[in-house]
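Please examine the sequence and the structure shown here before reading the exchange.

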Amino acid sequence: MTFEPQVPDWGEQLVGDNLDQLIIYHDWLCNTGIKTGLISPKSKQFVWDEFVVHSLYFGKILSELPDEFDVVSDLGTGGGIPGIPIGITTNFTVNLIDVKEKRIFELSRLIKILNNNNIFAIQDDGYNHIKKGGFLVSRCFISSEKVINSLKTDKNTTYLVSSNGEDLEYDSNMFHVKHENFKINKDDIRHIDVINVK
Ligand SMILES: C[S@@+](CC[C@H](N)C(=O)[O-])C[C@H]1O[C@@H](n2cnc3c(N)ncnc32)[C@H](O)[C@@H]1O
């Protein structure tokens with residue numbers, strides 16, 4: 001099957017002139033990412049749709065938030081998902097946080113390849129950042145339920161978490177949760193919960 005780096009309508013403006021950088025990242029995931037075990041072997045189209053396009057929607061939500069902020073932390077980033085596409089397509093400073101040294105080593109090399117100066121790879125426990133609060137994103141690292149149970153309610157926090165689209169139980173006096181649904185290609189819908197401490 002031929003690989004097509006398609007961008008859904010919702011992502012065209014966000015991607016702008018950065019398609020080439022996203023394709024360099026996609027190549028890196030398909031080669032170095034798979035070789036070094038950052039992601040498991042997948043087809044080129046799967047890597048594009050599920051990792052690159054899915055990540056773009058996190059950036060879209062962040063860039064449309066009414067709040068003023070500069071720094072976003074991607075907790076449990078693995079192969080830089082969603083943090084690398086966010087860093088490529090927005091002006092936010094993006095901290096890629098992972099507990100594993102090997103992942104941070106490979107991501108630091110990738111950031112040099114991309115010649116990017118707003119993305120940083122940091123070895124740390126993601127839960128330290130959840131305690132501190134701020135603007136956080138995670139894909140396939142933590143469930144929305146666990147986020148609700150881990151966030152400190154005295155810290156200003158907005159946390160975008162990939163979800164399965166299921167309803168979430170939470171105290172609406174303490175949190176606000178918005179479920180976002182979007183297509184990553186012409187058939188497949190994905191979900192992100194936008195969780196705010198009130
Ligand atoms: C399932 S992978 C998801 C990676 C990536 N976000 C994605 O969507 O493909 C989970 C990642 O979380 C990292 N991780 C596990 N526990 C962690 C912790 N306490 N703090 C930071 N990273 C952690 C793992 O090393 C791994 O890279």
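The following exchange concerns the sheet and its helices. This is a predicted model, in which local features need pLDDT of at least 70, side-chain atom pairs count only at pLDDT 80 or more, and totals for chains, interfaces and linings use all residues. Residues are numbered from 1 along each chain as its sequence is written.

Student: In what order do the 7 strands of the open sheet lie?
Tutor: Strands are DSSP runs (E, at least two residues), numbered from the N terminus, and two of them pair if DSSP finds at least two bridges between them. The pairing in this open sheet is mixed. Its order is β3-β2-β1-β4-β5-β7-β6.

Student: Which are the edge strands?
Tutor: An edge strand here pairs on one side only. The two concerned span 119-123 and 175-183, and they are β3 and β6.

Student: How many residues of β1 are buried?
Tutor: A residue is buried if 20 or more other C-beta atoms, placed from the backbone, lie within 10 Å of its own. Strand β1, residues 71-75, is mostly covered. Of its 5 residues, the number buried is 4.

Student: Which residue in β2 is the bridge partner of D74?
Tutor: Strand β2 (residues 93-98) runs parallel to β1, and 5 bridges join them. For D74, the bridge partner in β2 is L96.

Student: At what angle do α2 and α3 pack?
Tutor: Helices are DSSP runs of H or I with at least four residues, and angles run from 0 to 180 degrees between N-to-C directions of axes fitted to C-alpha atoms over the stretch in contact. Helix α2 covers residues 19-35 and α3 covers residues 44-64, with axes 10 Å apart. Their packing angle is about 120°.

Notes: A residue is buried if 20 or more other C-beta atoms lie within 10 Å of its own, exposed if 12 or fewer, and partly exposed in between; C-beta atoms are placed from the backbone.
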